[in-house]
Structures are given as C-alpha cells and as structure tokens.
Amino acid sequence: MYRYLICIIVSIICVGCSTKLTTSGSQVKLISETNKTQCNSIAVVTGSSSVGASTGHNAENAMNEARNKAANIGGNALQVIDVSTTESSSTVIGEAFNCKL
C-alpha cells in the first residue's frame, strides 16, 4: 500500500513538471530546410528535459520548450537541427525563424 501511494505521488509530481506548450508556442510551425526560403533566421534555441516519466515524455517536453523559446523571441517557425535522447533526458536544438507562412 505504501509503495502504491509513493508511485501516485511521484506520478503527480512528474506530470506537474511537464513543459506545457504556451499559446504562442503552439503557433510555431516545424519547418524543413526546403521550407525556409521565405524566412528570416532569428536565433538558435535549445529545449531540454530530464523530469519526464519516460523518454518520450522528456522528448515532448524538450520540443515544447524549444517551440516556446522560439515564440518568445518572435519566431513563428522552428527548424530542428538536432535531437539528443538518453534514458534520462532529451535535448532539442533548433533554429527559430520568422516566416511568411
């Protein structure tokens, strides 16, 4: 019973630590090399996570963080440059763009 309670508490904490996609972050589109012809580069952004309940959760949190950061600096598009995932963390590196979408 005690282990069950601990598992529930840890799960709640992990869910509470997830990186939510902001309203502006949700407007950031993922683009490829060929889609950026009418875009202006803004900056390279990085998103990372090591608090997720799984590798997939960490990767999603890292991508959300990168998209949120792109939006915060005026970007409306993100080209993923690199994704690095281990058993305990994920990192997304991308270039933020302002595009005529």
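# A sheet, a helix and a disulfide

Author: Let us begin with one small detail: the side chains of serine 90 and threonine 85 are joined by a polar contact of 3.3 Å. Keep in mind throughout that this is a predicted model.

Reader: Where does serine 90 lie, and is serine 90 buried or exposed?

Author: Serine 90 belongs to strand 4. A residue counts as buried when its relative accessible area is under 20%, and serine 90, at 1%, is therefore buried.

Reader: Which residues is serine 90 in contact with, leaving aside its neighbours within four places in sequence?

Author: With those neighbours set aside, serine 90 is in contact with Gly47, Ser48, Ser49, Thr55, Asn58, Ala59, Ala62, Ser84 and Thr85. For alanine 59 there is a further detail, since its backbone nitrogen lies 3.4 Å from a polar atom of the serine 90 side chain. Serine 49, for its part, stands opposite serine 90 in strand 4.

Reader: How should I read the sheet, and in what order do its four strands come?

Author: Strands of a sheet pair through backbone hydrogen bonds, in either a parallel or an antiparallel sense. In this model, four strands form an open sheet in the order 1-3-4-2, and the pairing is mixed. Strand 1 (29-30) and strand 2 are the edge strands, each of which pairs on one side only.

Reader: How many bridges join strand 3 to strand 4, and how many residues stand between them in the hairpin?

Author: Strand 3 (residues 77-85) runs antiparallel to strand 4, and eight bridges join the two. Between them stand four residues, and together the two strands form a hairpin. To follow this pairing residue by residue, you can look at aspartate 82, whose bridge partner in strand 4 is isoleucine 93, and at glutamine 79, which stands opposite glutamate 95 in strand 4. Strand 4 also pairs with strand 2, again in the antiparallel sense, over 10 bridges.

Reader: How many of the residues of strand 4 are buried?

Author: Seven of the 10 residues in strand 4 are buried, and the strand is thus described as mostly covered.

Reader: Now for the helix: why can its length be checked from the number of its residues?

Author: The check works because each residue of a helix is expected to add 1.5 Å, and the 18 residues of helix 2 (residues 55-72) should accordingly span 26 Å; the end C-alpha atoms are in fact 26 Å apart in the model, which agrees. Among the buried residues of this helix are His57, Asn61, Glu65 and Arg67. Asparagine 72, by contrast, lies in helix 2 but counts as exposed, because its relative accessibility is 62% and the cut-off for exposed is over 50%. The C-alpha atom of asparagine 72 is separated by 7.7 Å from that of serine 24, although their positions lie 48 residues apart along the chain. After the helix comes glycine 74, with a positive phi near 95°.

Reader: What is the idea of a nonpolar core, and which residues make up the largest one?

Author: In soluble globular proteins, nonpolar side chains tend to be buried together. Here the largest nonpolar core has 10 residues, namely Val28, Val45, Ala62, Met63, Ala66, Ala70, Ala71, Leu78, Val92 and Ala96. Helix 2 and strand 4 (90-99) are the elements that give two or more residues to this core, and helix 2 gives the most, with five. Methionine 63 touches Leu30, Leu78, Val80 and Val92, if neighbours within four places in sequence are left aside. There is also a second, separate core of five residues, which includes Ile31, Cys39, Ala77 and Phe97.

Reader: How many disulfides does the structure hold, and which cysteines form a disulfide?

Author: The structure holds one, formed by cysteine 39 and cysteine 99, with their sulfur atoms 2.0 Å apart. The torsion about the S-S bond is about 110°, so the disulfide is right-handed. This pair links distant parts of the chain, for cysteine 39 is in strand 2 (residues 39-49) and cysteine 99 is in strand 4, 60 residues apart.

Reader: Is cysteine 39 buried or exposed, and what does cysteine 39 touch?

Author: Cysteine 39 is buried, at 13% relative accessibility, and cysteine 99 is buried as well, at 6%. Not counting residues up to four places away in sequence, cysteine 39 touches Ile31, Phe97, Asn98 and Cys99. From cysteine 39 to glycine 75, which is 36 residues away in sequence, the distance is 9.8 Å, C-alpha to C-alpha.

Notes:
Residues are numbered from 1 along each chain as its sequence is written. This is a predicted model: local features need pLDDT of at least 70, side-chain atom pairs count only at pLDDT 80 or more; totals for chains, interfaces and linings use all residues. Side-chain values use heavy atoms; hydrogens and water are left out. The expected span of a helix is 1.5 Å times one less than its number of residues. Buried means under 20% relative accessible area, exposed over 50%, partly exposed in between (1.4 Å probe, protein chains only). A nonpolar core is a set of buried Ala, Val, Leu, Ile, Met, Phe, Trp, Tyr and Cys residues joined through side-chain atoms within 4.5 Å. Contact means heavy atoms within 4.5 Å. A polar contact is a pair of N or O atoms within 3.5 Å; within protein, one must be able to donate a hydrogen and the other to accept it, and residues adjacent in sequence count only if both atoms are side-chain atoms. A disulfide is a pair of cysteine sulfur atoms within 2.5 Å. Two strands pair if DSSP finds at least two bridges between them.
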